[in-house]
Amino acid sequence: MAFSVETDARLTSVDITDQLAAAIPNDLSTGIATAFVEHTTAGLIVQENESRLRGDLEGFFDDLVPDDGHAHDQLDGNADSHLRAALVGPDVTIPVRDGDLALGTWQSVFVLECDGPRTRTVSVTTVGK
Ligand code: ZN
């Protein structure tokens, strides 16, 4: 299955934990869930949903990659977005235990948007019994 995520800024994070939890099939008790964002300028991360930390993370990825001076910018001007997404990767895998995501107390799952605002598609694949 898959779901859509709306983002509202060029570089931002959107908590998708509830949508991911809702995507776990009712008949799955123990296994894994893999979420995969189907884009080259967004990624998935597991982090704490605390507003100052989210600002820190967004600033960190903004600072880490220079905005300009990349070859791909000659095509569509968003090489920095691709490079930030490449650092993060497109997927996360979460254990499923007793039918729920087995996340730690402070863990949430986020789309890291690197070239918004856009509508992003996240697919979810589960394995288990
Ligand atoms: Zn591009």
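## Sheet edge, surface patch and zinc site

Let's start at a small pairing: Arg97 has Asp100, in strand S6, as its bridge partner. The model shown here is predicted.

Strand S5, residues 91-97, is joined to S6 by 2 bridges, and the two run antiparallel. They belong to an open sheet of 5 strands, ordered S1-S8-S3-S5-S6, with antiparallel pairing. Strand S1 (2-6) and strand S6 (100-101) each have a single partner strand and stand at the edges, so one side of each is left without a neighbour in the sheet.

Now to the surface. Phe60, Leu64 and Leu87 make a nonpolar patch of about 290 Å². Of these residues, Leu64 lies in helix H2, which covers residues 51-64. Leu64 counts as partly exposed because its relative accessibility is 44%, between the 20% and 50% cut-offs.

Finally, the metal. The zinc ion has protein donors from His72 (NE2), Asp76 (OD, listed twice), Asn78 (OD1) and His82 (NE2), at 2.0 to 2.7 Å from the ion. Along the chain, these donors follow the spacing H-x3-D-x1-N-x3-H.

How covered are the zinc donors Asn78 and His82, buried or partly exposed? Asn78 is buried, as its relative accessible area is 6%, while His82, at 22%, counts as partly exposed. The cut-off that separates the two classes is 20% relative accessible area.

Here are the residues with accessibility values, side by side:

| Residue | Relative accessibility | Class |
|---|---|---|
| Leu64 | 44% | partly exposed |
| Asn78 | 6% | buried |
| His82 | 22% | partly exposed |

Conventions. Residues are numbered from 1 along each chain as its sequence is written. This is a predicted model: local features need pLDDT of at least 70, side-chain atom pairs count only at pLDDT 80 or more; totals for chains, interfaces and linings use all residues. Side-chain values use heavy atoms; hydrogens and water are left out. Two strands pair if DSSP finds at least two bridges between them. Helices (H or I, at least four residues) and strands (E, at least two) are DSSP runs, numbered from the N terminus. Patches are made of residues with over 30% relative accessible area and no salt bridge: like charges are joined within 9 Å, nonpolar side chains (Val, Leu, Ile, Met, Phe, Trp, Tyr) within 5 Å. Accessible areas come from the Shrake-Rupley method with a 1.4 Å probe; for residues, only the protein chains shown count as cover. A salt bridge is a side-chain nitrogen of Lys or Arg within 4 Å of a carboxyl oxygen of Asp or Glu. Buried means under 20% relative accessible area, exposed over 50%, partly exposed in between (1.4 Å probe, protein chains only). Donors are N, O and S atoms within 2.8 Å of the metal (3.2 Å for Na, K and Ca); water is not among the atoms, so sites may look incomplete.
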